[in-house]
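Biologist: I have a few questions about how the labels in this model are assigned. Could you walk me through them?

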Amino acid sequence: MRPESIKKFDILYLASILVGLIGTIMNFSSIEVQAAGTMLTPTTLVVITVITYALTLLLWYFISRRASNIAKWILVVLTLIGLIGLPSIFVGEFNLNKFIGLASTILSVAGVYFLFKPDARAWFAGETVDDPETLDRTFD
């Protein structure tokens with residue numbers, strides 16, 4: 001049974017992915033304009049976006065369902081790298097796009113926080129984290 005911290009991670013991290021996807025969809029025309037001077041076609045941008053979100057969901061799967069410590073630390077590193085650009089959100093006017101980016105970042109960081117709670121650490125270590133009360137109700 002997955003611990004409560006992992007369940008909270010699921011909610012927060014999947015919400016972060018959803019908010020990020022909404023932001024990507026809303027800004028896709030802007031992304032296309034920025035890529036216009038490169039060799040990236042709109043189709044290539046869509047493929048890159050789909051692959052990126054697929055890899056993000058795969059990372060979530062290995063953390064949430066397989067208790068992969070390696071995936072957890074990959075997510076931690078990627079989250080820290082993502083925080084490098086956070087100050088740029090506060091430069092210039094604060095608009096909906098920046099709000100969506102900030103919301104996605106906050107949800108992601110909050111989700112990662114739950115990966116380091118005691119019950120999550122025990123779960124990643126392969127220890128049993130079932131509480132006695134739950135076990136008692138199971139065998140009644």
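**Labels and their cut-offs**

Modeller: Happily! The structure holds two salt bridges. This is a predicted model, where local features need pLDDT of at least 70 and side-chain atom pairs count only at pLDDT 80 or more, while totals for chains, interfaces and linings use all residues. Residues are numbered from 1 along each chain as its sequence is written, and side-chain values use heavy atoms, leaving out hydrogens and water.

Biologist: What makes the contact between Asp10 and Arg2 a salt bridge?

Modeller: A salt bridge needs a side-chain nitrogen of Lys or Arg within 4 Å of a carboxyl oxygen of Asp or Glu. Asp10 and Arg2 have an N to O distance of 2.4 Å, so the pair fits the definition.

Biologist: And which side chain meets Lys7 in a salt bridge?

Modeller: That is Glu4, at 3.6 Å from N to O. Both residues lie in helix α1, three residues apart, about one turn of the helix. Helices here are DSSP runs (H or I, at least four residues), numbered from the N terminus.

Biologist: Why is Asp10 called buried?

Modeller: Buried means under 20% relative accessible area, exposed means over 50%, and partly exposed is in between (1.4 Å probe, protein chains only). Asp10 has 7%, so the residue is buried. Its partner Arg2, at 22%, counts as partly exposed. Lys7, at 28%, is partly exposed too, and so is Glu4 at 47%.

Biologist: How do you know that Phe9 and Tyr13 are stacked?

Modeller: Rings of Phe, Tyr and Trp (its six-membered ring) pair if their centres lie within 6.5 Å; planes under 30 degrees apart count as stacked, over 60 as edge-to-face and the rest as tilted. By this rule the count comes to six aromatic pairs. For Phe9 and Tyr13 the centres are 5.3 Å apart and the planes are at 10°, so the pair is stacked. The two residues are four apart in helix α1 (residues 4–26), about one helical turn, and both are buried.

Biologist: What makes Lys72 count as lying over the face of Phe124?

Modeller: A charge sits over a ring if NZ of Lys or CZ of Arg is within 6 Å of the ring centre and within 35 degrees of the ring normal. Lys72 lies over the face of Phe124, at 4.8 Å from the ring centre.

Biologist: Lastly, why is Thr38 called partly exposed?

Modeller: Because its relative accessible area is 44%. Thr38 lies in the loop between α2 (28–35) and α3 (42–64).
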